[in-house]
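Hi,

Here is the structure I said I would pass on. Have a look at it first, and my notes on what turned up follow underneath.

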Amino acid sequence: MSQAKPRIAVHKFASCDGCQLALLNAGEALVELAQLADIAHFAEGGWYAPGEPVDIALVEGSISAPEDAERIRAVRASARYLVTLGACATAGGVQALRNGLARAADWLGEVYASPEFIRSLPDSLPVAAYVPVDLEIHGCPVSTEQVLEAVGDLLRGAVPAPGADPVCTQCKRRNLACVLVNGGQPCLGPVTRSGCGALCPAVGRACYGCYGPAGLVNAAALARRFEALGLGGEDIAGRFLFITPAAEPFRSIGQGYRERGDG
Amino acid sequence: MSVPAFLPRPQLQRVFDALQHLGYRIVGPVARDGALVYEDITSASELPWGVAARQDAGSFRLEAGAGERCFAWANGPQALKPLVFAPVEPLWRMERKGAGFEVRMTQATCRPTAVIGVRACDLAALALQDRHFLGGLHADAHYAGRREDLLLIAVNCTHPAATCFCASTGDGPQVSRGFDLALTELDEGYTVAVGSPPGEKLLALLAPAPATADQLERERAALHRAAAAQTRGLPGRQLRDVLMARLDHPRWQEVAERCLACGNCTAVCPTCFCHAEIESASLDGATSLHLREWDSCFGERHGYIHGKQLRPGTRERYRQWLVHKLATWHDQYGRSGCVGCGRCITWCPAAIDLTEEAAALCAGAA
């Protein structure tokens, strides 16, 4: 790091703030982080100085409005390392459900009383679609442990290497029953990046895919398996395009099933 | 060893009492969340009484079984592996000391553990895990500690699943070695065979009557039926040369179209031993825990060496798994790494059948 005490900023774009909460909820570890580094900007935590140059910029949220596109370039220019946090920043987030839908423009009028005040880009995109990103931390929301581990690595000058194994890895290490094999549920766990500790399968619920695609898995084959379980095209599309709709290969698989429909 | 004994069903609890008297923690099968899992139990009443399991490729369903048996099923996703090869465990802890650092080895937490309901395939797999973790120049202390304290009460398999093929690999359905006691479940109770001095000591506490000729005959018939009922199998016990000669077989690509590369087959395989070692450092970098965790040859990091991914495609990953298991295992451990438990078939979310793939890959070989 450049200074004796490294500087950190936390920026928010189009998002629900849940990833920042993962950081705020770190408790003692956040106090420790504040001692190891200067937190220059973290509006939700009470520090406000968005233009300050920093060593690490943690970015939550997707690029969804024209001013986001400008602001993310300024954040990139101000930071040595840019780390994106969560499904919005890494894969467009749920707001990317509008991507590629011709009808999306009509929704503004249906939802807002004065749609003329809404300025949105046609697509909600991950930060990496606009500026180079040094590290992506996935999840909806991110896990506090993974964020602290990555920040700790950067503070020590090490390259963080977050795992990309599927959720099944966690399920099997925890000796959990398989909701797909035992229950016939359309679980996204086999192709979803772990990090949640198999939260949903642990309560008997199929994985929603919050952490996005795992590394080098065959997601298209899981979609075909869902077909064999009796799911229709729109249902399969809904699962792959739910939380990380802009992340490949979930995006193209989901779009393919959407176009095909239930017919 | 002595002649087999017989324990009437109501007296099964006495096995638990005797184990507790000898200071053992007891692990056994229970029906939980639609599966059969091995966990800590204290009484025979917790066993899966009247439970059967229907297994097929990619599917496992608990059903009501006929009669009042508690071992009328073949297996669940795990048995012994997590007890000896821990899914996650710390190996050592490092702490900064001045300009250097200090390393402290961690001790595995071990206590005498009796496992009830171990099958022949589990014992064959344990023997292979023993060779891997204990057989080389550097025995693994964590594994050794847990292994040493294990008392194995096996159960001969009378109800194989549709996915079972231990008769074809030669590892079951009857247990032949590596057990302390071996039970066979009959309508009215259990025949008990002794396999070791600790088993003999345990049986002495139970002081059972000898099994009758009729009971032993029914045991023999049940085991014969269990072997005959198995419909799946491998094309042979020595597939090394044929598989090594077919590394470019088109079948590898076909199976890769279906394989999710999720690694479930490796997690449930009782002989798979691959693990990753990772650092879990404190935020200030003053201490770090060095952890070992189950890994899989289907995972991204398994095939990664500095700057290069050696197995980028699902085809290479599936091939790595199957060729190691059925072919190069012979070079490493003197036998195939498959014990015919069928877990990789049942617990594959994509319903891929190892025996079907092996048959297709080896088709036409002399």
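Let me start in chain B, where strand 10 (residues 181-186) and strand 11 (residues 189-194) run antiparallel and are joined by six bridges. If you want a pair to click on, A182(B) has A193(B) of strand 11 as its bridge partner. Bear in mind throughout that this is a predicted model.

Those two strands belong to an open sheet of eight strands in chain B, with mixed pairing and the order 3-2-8-9-10-11-1-12. Which strands stand at the edges? Strand 3 (35-40) and strand 12 (209-210) of chain B do. Each has a single partner strand, so one side of each is left without a neighbour in the sheet.

Strand 1 of chain B is a good place to follow the order along. On one hand, strand 1 pairs with strand 11 of chain B in the antiparallel sense over four bridges, and F6(B) has T191(B) of strand 11 as its bridge partner. On the other, two bridges join strand 1 to strand 12 of chain B, again antiparallel, with F6(B) standing opposite A209(B) of strand 12. If you pick F6(B), you can therefore trace a partner in strand 11 and one in strand 12.Across this part of the sheet lies helix 7 (residues 213-228) of chain B, which covers strand 1 (5-8), strand 10 and strand 11. Helix 7 runs at about 90 degrees to strand 10 of chain B.

Further along chain B there is a hairpin, made by strand 13 and strand 14 with five residues between them. G285(B) sits in the turn and has a positive phi of about 75 degrees. Strand 13 (residues 275-281) and strand 14 (residues 287-294) of chain B pair in the antiparallel sense over seven bridges, and E277(B) has R292(B) of strand 14 as its bridge partner.

Next, a helix pair in chain B. Helix 1 (residues 12-21) and helix 6 (residues 197-206) of chain B pack with their axes 9 Å apart, at an angle of about 120 degrees. The two helices are therefore oblique to each other, and helix 1 of chain B passes helix 6 of chain B in a right-handed crossing. What makes the contact? Helix 1 of chain B brings R14(B), V15(B), A18(B) and H21(B), while helix 6 of chain B brings L202(B), L205(B) and L206(B). By type, the residues of this contact are five nonpolar, one polar and one charged.

Now over to chain A. The domain assignment splits chain A into domain 1 (7-155) and domain 2 (167-260), with 25 Å between their centres, taken over C-alpha atoms. In the contact between these domains, 16 residues of domain 1 of chain A meet 13 residues of domain 2 of chain A. Helix 4 (residues 86-91) of chain A gives the largest share of the domain 1 side, three residues. That side of domain 1 of chain A has eight nonpolar residues, eight polar and no charged.

Last, the contact of the two chains: how many residues does each supply? Chain A puts in 31 residues and chain B 37 residues. On the chain A side, helix 2 (28-36), helix 6 (144-155), helix 7 (167-173) and helix 8 (219-228) each supply at least two residues. The chain A side that touches chain B divides into 17 nonpolar, eight polar and six charged residues.

Cheers

Note on methods. Residues are numbered from 1 along each chain as its sequence is written. Chains are lettered from A and ligands numbered from 1 in the order in which they are written. This is a predicted model: local features need pLDDT of at least 70, side-chain atom pairs count only at pLDDT 80 or more; totals for chains, interfaces and linings use all residues. Domain bounds come from an automatic or database domain assignment. Two residues are in contact if their C-beta atoms, placed from the backbone, lie within 7 Å. Ala, Val, Leu, Ile, Met, Phe, Trp, Tyr, Cys and Pro count as nonpolar, Asp, Glu, Lys and Arg as charged, and the others, Gly among them, as polar. Axes are lines fitted to C-alpha atoms, for helices over the stretch in contact, and angles run from 0 to 180 degrees between N-to-C directions. Angles under 35 degrees count as roughly parallel, over 145 as roughly antiparallel, 65 to 115 as roughly perpendicular and the rest as oblique. A crossing is left-handed if the near helix is turned anticlockwise from the far one by less than a right angle, and right-handed if clockwise. Two strands pair if DSSP finds at least two bridges between them.
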